[in-house]
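Colleague: I am new to reading protein models, and I would like a close look at one part of this one. Could you pick the part around the salt bridges and take me through it slowly, with the rest of the chain as background?

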Amino acid sequence: MLAQVVSENYANPITCLFHVLFKAAALAFYILFSLFVKSFVIIFVVTVLLAALDFWVVKNVSGRILVGLRWWNEIDDEGNSVWKFECLDGESLARMNKKDSWLFWWTIYLNAAAWIILGVFSLIRLEADYLLVVGVCMTLSIANIVGFTKCNKDAKKNIRAFVENSAQNAITSRITSSLQSAFGI
């Protein structure tokens with residue numbers, strides 16, 4: 001019954017699941033193991049691995065499927081860092097599922113907020129080694145936020161251009177058909 005409800009609400013429930021799964025796994029593993037196990041090496045390796053998997057899934061899979069965006073960074077011939085952005089055309093972006101998009105944006109922001117809060121707790125408890133784990137996870141999370149936010153600005157420009165172009169084409173078509181019917185052409 002639950003799978004049926006989810007599939008009615010979300011266009012891509014499997015992608016949504018994995019989009020949330022690695023975030024939740026990294027946070028849960030870090031919190032539970034730092035409370036009960038206290039083995040820094042295990043916590044560092046597994047948490048960073050889960051956060052890296054989350055980074056990869058968000059950047060290369062769920063970003064593309066849930067919001068139609070993709071970004072990457074290249075180094076050009078002169079050694080400068082160049083951000084590259086890719087998004088669906090305006091018509092396809094306008095058809096994206098609102099729930100998928102909502103889930104995507106809220107979870108990437110909440111994930112970063114959770115890592116920031118955990119970083120504050122590590123500072124308060126004076127645990128510099130655990131602050132390193134949080135710092136790596138926070139960096140991966142914020143990198144996705146920055147990349148997708150920049151990419152989303154490009155996408156909004158494309159949607160605006162699509163809407164303006166569609167409106168202009170509709171007006172031109174309407175005027176042309178009116179003129180043709182008025183002059184019997």
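Modeller: Happy to. What follows starts with the whole chain, moves to the salt bridges, and ends with the parts around them.

Please keep in mind that this is a predicted model. The chain has 185 residues, and 30% of them are buried. Its elements are six helices and two strands. If you walk along from the N terminus, you meet them in the order α-α-α-β-β-α-α-α. Contacts can be sorted by how many positions lie between the partners: among those with a separation of 6 or more, 70% are between residues 24 or more positions apart. As for the outside, the chain exposes about 11,400 Å², and carbon and sulfur atoms supply 68% of that area.

The UniProt record, an unreviewed entry, adds some labels. It places the feature "transmembrane region" at residues 12-33, 39-58, 102-124 and 130-149. We can set two of those spans beside the model. Residues 12-33 are 95% helix and 0% strand, with end C-alpha atoms 32 Å apart. Residues 102-124 are 100% helix and 0% strand, and there the end C-alpha atoms lie 33 Å apart.

Now to the part you asked about. How many salt bridges does the chain have? The count comes to two. Let us begin with the pair K23 and D54, whose closest N and O atoms are 2.8 Å apart. This pair ties together distant parts of the chain: K23 sits in helix α2 (residues 13-36) and D54 in helix α3 (residues 40-66), 31 residues apart. Are these two residues buried or exposed? K23 has a relative accessibility of 7%, so it counts as buried, since the cut-off is under 20%. D54 also has a relative accessible area of 7%, and D54 is therefore buried by that cut-off.

While we are at helix α2, have a look at F18, which lies in that helix. F18 and V57 are 39 residues apart in sequence, yet their C-alpha atoms are 7.6 Å apart in space. F18 counts as partly exposed because its relative accessibility is 38%, which falls between the cut-offs of 20% and 50%.

The other salt bridge joins the side chains of E127 and R125, with 2.5 Å from N to O. What about the accessibility of each partner? E127, at 16% relative accessibility, counts as buried. R125, at 41%, counts as partly exposed. Find L126 next, in the loop between α5 and α6. Its relative accessible area is 76%, and because that is over 50%, L126 is exposed. L126 also has a backbone angle to look up: its phi is near 55°, a positive value in a residue other than glycine.

The helices on either side of that loop bring us to the surface. Which residues form a nonpolar patch there? They are W83, I116, I117, V120, F121, I124, I142 and V146, and together they have about 690 Å² of accessible area. The elements giving two or more residues to this patch are α5 (98-124) and α6 (128-183). Helix α5 supplies the largest share, five residues. W83, in contrast to a helix residue, is found in strand β2. W83 is partly exposed, with a relative accessible area of 30%, because this value lies between 20% and 50%.

Since W83 has led us to β2, let us finish with the strands. Strand β1 (residues 69-75) and strand β2 (residues 81-87) run antiparallel and are joined by seven bridges. Two of the facing pairs are easy to find: W71 stands opposite F85 in β2, and E74 has V82 as its bridge partner in β2. Five residues lie between the strands of this hairpin, and there G79 takes a positive phi near 90°.

To retrace the route on your screen, start at K23 and D54, the pair that links α2 with α3. Then go to the loop between α5 and α6, where L126 is found. From there, move to the nonpolar patch, with its largest share from α5. Finally, use W83 to step into strand β2, which is joined by seven bridges to β1.

Key:
Residues are numbered from 1 along each chain as its sequence is written. This is a predicted model: local features need pLDDT of at least 70, side-chain atom pairs count only at pLDDT 80 or more; totals for chains, interfaces and linings use all residues. Side-chain values use heavy atoms; hydrogens and water are left out. UniProt positions are given in the numbering used here, feature names are shortened, and annotations may be inferred rather than shown by experiment. Helices (H or I, at least four residues) and strands (E, at least two) are DSSP runs, numbered from the N terminus. Two strands pair if DSSP finds at least two bridges between them. Patches are made of residues with over 30% relative accessible area and no salt bridge: like charges are joined within 9 Å, nonpolar side chains (Val, Leu, Ile, Met, Phe, Trp, Tyr) within 5 Å. Accessible areas come from the Shrake-Rupley method with a 1.4 Å probe; for residues, only the protein chains shown count as cover. A salt bridge is a side-chain nitrogen of Lys or Arg within 4 Å of a carboxyl oxygen of Asp or Glu. Buried means under 20% relative accessible area, exposed over 50%, partly exposed in between (1.4 Å probe, protein chains only). Contact means heavy atoms within 4.5 Å.
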